[in-house]
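Reader: I have a chain to look over. Please take me through its helix packing and strand pairing.

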Amino acid sequence: MSDAHDVPIRDESIRLGQFLKLANLIESGAEAKGVIADGLVSVNGDVDVRRGRQLQHGDVVTVQGGPSARVSKEEAL
């Protein structure tokens, strides 16, 4: 999981389906629904099929066979 790139979010949490799109791990919301339902997405190494799962800072999301992204805190300017 060390090869995950950081993706900053504004709030304290974000839903899994939204994060997949934000992190460019998938191309559309419809694709997010499919890959999650098919069990192709893992959060912190565990498969998760809940599109509405709330991710927190530090969670690492991976799409099977693809890159990983880590939820990070957006830095204040």
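Author: What follows is a set of short questions and answers on this predicted model.

Reader: Do the buried residues of α2 line one face or scatter, and within what arc do they fall?

Author: Helix α2 covers residues 29-37, and its buried residues are A32, V35 and I36. An α-helix has 3.6 residues a turn, so residues three or four places apart point the same way. Down the axis of α2, the buried residues line one face of the helix, because they fall within an arc of 100°.

Reader: Which residues are exposed on the other side of α2?

Author: Exposed means over 50% relative accessible area. On the side of α2 away from the buried residues, that label goes to A30 and A37.

Reader: What do the buried residues of α2 pack against?

Author: The buried set is A32, V35 and I36. Their packing partners are α1 (16-22) and β3 (41-43).

Reader: Which residue with positive phi follows α2?

Author: Look just past the helix, which spans residues 29-37. There phi is positive, near 75°, and the residue is G39.

Reader: In which sense does β7 pair with β1, and which residue of β7 is the bridge partner of V7?

Author: β1 (residues 5-9) and β7 (residues 68-73) pair over five bridges, in the parallel sense. For V7, the bridge partner in β7 is V71.

Reader: In which sense does β6 pair with β7, and which residue in the turn has a positive phi?

Author: β6 (residues 60-63) pairs with β7 over three bridges, in the antiparallel sense. One of the bridge pairs joins V60 to R70 of β7. The two strands form a hairpin with four residues between them, and the turn residue with a positive phi, about 75°, is G65.

Terms used:
Residues are numbered from 1 along each chain as its sequence is written. This is a predicted model: local features need pLDDT of at least 70, side-chain atom pairs count only at pLDDT 80 or more; totals for chains, interfaces and linings use all residues. Side-chain values use heavy atoms; hydrogens and water are left out. Buried means under 20% relative accessible area, exposed over 50%, partly exposed in between (1.4 Å probe, protein chains only). The arc is that of the directions from the helix axis to the C-beta atoms. Contact means heavy atoms within 4.5 Å. Two strands pair if DSSP finds at least two bridges between them.
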